[in-house]
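Here are some worked exercises to try with the coordinates open beside you. Attempt each task before reading its solution.

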Amino acid sequence: MAEETGQLQDSAESTTVVVIGAGPAGMAVATLLRHSGIDCVVLERRSRDHVAQRQRAGIVETRAVRMFDSWGLTDRVLGGVPYDGILEFRVDGRSRLVSDSDGSDGPPARLCPQQVLVQKLTTTYLEDGGDLRFEAADVSLHDLTGDRPTVRYRTADGTPRTITCDFVAGCDGDRGVSRTTVPDGALTTYAFDHGIGWLTVLADAPPPAHPLLAVSREGFAAHFPRGPRSSRYYLQCPPDDDPDAWPDTRVWDALRTRLGDPGLVSGPITDREIFRLRSLVHDPMRYGRLFLVGDAAHIVSPMGGKGMNLALYDADLFARAVRDSVQGDDTALHTYSARCLRRVWNDQEFSHWLTRTLHDAGDAEPFLRNLARARLDRLFTSPAAASAFAELMTGLDPTGDAMAREVPGNLSALGGD
Ligand code: APR
């Protein structure tokens, strides 16, 4: 053991933060740290091409846009186009437009596909002199509760490497190594399976005028823009359904029926998969000097588009906390988990509410269907309900920024040391 430690010390590099994973969470953390002049090394298992092409979320919420604005980074990291905040609900073919404008000043949300954000964050980080290592294999985390954690990995050619650091940012998603390194019992996991499947289809077909969510007795469907000539569609299906059971003609027929649009223009389908809607929270989002960021700490059902935005929220809080810590103030590191989780549960509740409402309003048993339709009716007719919805869609609700100004009373109760 002593010999092994001796070898490691010979070859070990040193940095302030090792970031595991180069998805939206990892690249946001790395870019904000680098922008603050804080050293970090990003280790990503996959190749740069793979990460840059991965398509998922599409809307950077208002709060996240303003967060990048406050760092002076908007022009460098955000692509896409400003989003006018209009969401279309189509209930049995009848269109209702809902605005998520909250009337506040400042830049609005952006239609910015995840891969565009990740590519731009990566470019910004590298332009600022960032250290980003792709194809890092067998990443392992050690001494997380000590003063100087160690991260080991192998380069693409198999060379072992060791990095010591002050903090590890676990940004490696739900199936990464960071959270699984935490000993059993240290985190409490809250998991929920919605019992709903979605077939998701990417196609070279015209985007809708507004992001569109449709309720019908045949099940939920949605149509989102993903670029000037590409769209993502969602179709509710049994959670264990087989994508092969959905040939192109069935996909387009189902979309035309559920969207109530017989003239919907089709196009070549470039990707199709089925996933279960599930929600997951790990509490606390910290173990020693490991801080979990993004999907490594929480999965939110895709309804409401909060997954990527929560990751950006965590990244902002973590980067600010490290910046404070480097200047001698650890308060924000101690409160990181509690502040993130407050926002996480708020968005979980919103996503769950929207998931239930839009699915139950379609094909649930009659009592639940009528409840869900009453909720939609309230959203379409009550200015107060529309305003609460807008607050949640923009991410500008008080569970976000207000908490950042609160002073904790009891640090140990907040997931700190
Ligand atoms: N070592 C190094 N990198 C790893 C490892 C590992 N052992 N395991 C996973 N990774 C990398 C993945 O290859 C991926 O690039 O970590 C990254 C995790 O990225 P995401 O899964 O996209 O997670 P996150 O960045 O938290 O995403 C935030 O954006 O679009 C949404 O669905 C996405 O909700 C999620 C959000």
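**Exercise 1.** Decide which residues of strand β2 (residues 17-20) are buried on one side and on the other, and find the strand that β2 is joined to.

*Solution.* Keep in mind that this is a predicted model.
- Step 1: Begin with one face of β2, where V17 and V19 are buried.
- Step 2: Turn to the other side, where V18 and I20 are buried too, leaving both faces of the strand covered.
- Step 3: Look for the neighbour. Strand β3 (residues 40-43) runs parallel to β2, and 4 bridges join the two.
- Step 4: Pick out one pair: I20 has L43 of β3 as its bridge partner.

**Exercise 2.** Work out the strand order of the open sheet of 3 strands and say which strands stand at its edges.

*Solution.*
- Step 1: The order reads β4-β8-β5, and the pairing is antiparallel.
- Step 2: β4 (59-60) and β5 (81-82) each have a single partner strand, so one side of each has no neighbour in the sheet, and these two are the edges.
- Step 3: Check one pairing in detail. Between β4 and strand β8 (residues 110-111) there are 2 bridges in the antiparallel sense, and V60 stands opposite R110 of β8.
- Step 4: As background, strands of a sheet pair through backbone hydrogen bonds, either parallel or antiparallel.

**Exercise 3.** Classify H359 as buried or exposed, and list its contacts beyond the neighbours within four places in sequence.

*Solution.*
- Step 1: Locate the residue: H359 belongs to helix α10 (residues 331-363).
- Step 2: Its relative accessibility is 1%, and buried means under 20%, so H359 counts as buried.
- Step 3: With those sequence neighbours set aside, H359 is in contact with I196, W198, F220, Q236, L277, M303 and A364.

**Exercise 4.** Name the buried residues of helix α4 (residues 62-70), then inspect the backbone at G72, D92, D143 and P284.

*Solution.*
- Step 1: In α4 the buried residues are T62, R63, A64, V65, M67 and F68.
- Step 2: G72 follows α4 and has a positive phi, near 70°.
- Step 3: D92 also has a positive phi, near 50°, although this residue is not glycine. D92 sits in the loop between β6 (86-91) and β7 (94-99), and its 47% relative accessibility makes it partly exposed.
- Step 4: For D143, likewise a residue other than glycine, phi is positive and near 55°. The loop that holds D143 lies between β10 (137-142) and β11 (150-154).
- Step 5: Finish with omega. The peptide bond from D283 to P284 is cis, with omega near -5°, and P284 is in the loop between β18 (269-283) and β19 (286-287).

**Exercise 5.** Compare the radius of gyration of the protein chain with that of a compact globule, then describe the chain as a whole.

*Solution.*
- Step 1: For 417 residues a compact globule would have a radius of gyration near 22 Å, and the chain agrees, because its value is 22 Å.
- Step 2: The C-alpha atoms fill a box of roughly 70 × 50 × 40 Å along the principal axes.
- Step 3: The secondary structure comprises 13 helices and 21 strands.
- Step 4: Buried residues account for 52% of the 417. Among contacts with a separation of 6 or more, 73% link residues 24 or more positions apart.
- Step 5: The exposed area is about 17700 Å², with 49% supplied by carbon and sulfur atoms.
- Step 6: Count the charges: 45 side chains are positive and 58 negative, with the centres of the two sets 4 Å apart.

Note on methods. Residues are numbered from 1 along each chain as its sequence is written. This is a predicted model: local features need pLDDT of at least 70, side-chain atom pairs count only at pLDDT 80 or more; totals for chains, interfaces and linings use all residues. Side-chain values use heavy atoms; hydrogens and water are left out. The radius of gyration is taken over C-alpha atoms; the globule rule is 2.2 Å times the number of residues to the power 0.38. Buried means under 20% relative accessible area, exposed over 50%, partly exposed in between (1.4 Å probe, protein chains only). Contact means heavy atoms within 4.5 Å. Accessible areas come from the Shrake-Rupley method with a 1.4 Å probe; for residues, only the protein chains shown count as cover. Lys and Arg count as positive and Asp and Glu as negative; His and the chain ends are not counted. The place of a charge is taken as NZ of Lys, CZ of Arg, CG of Asp or CD of Glu. Two strands pair if DSSP finds at least two bridges between them.
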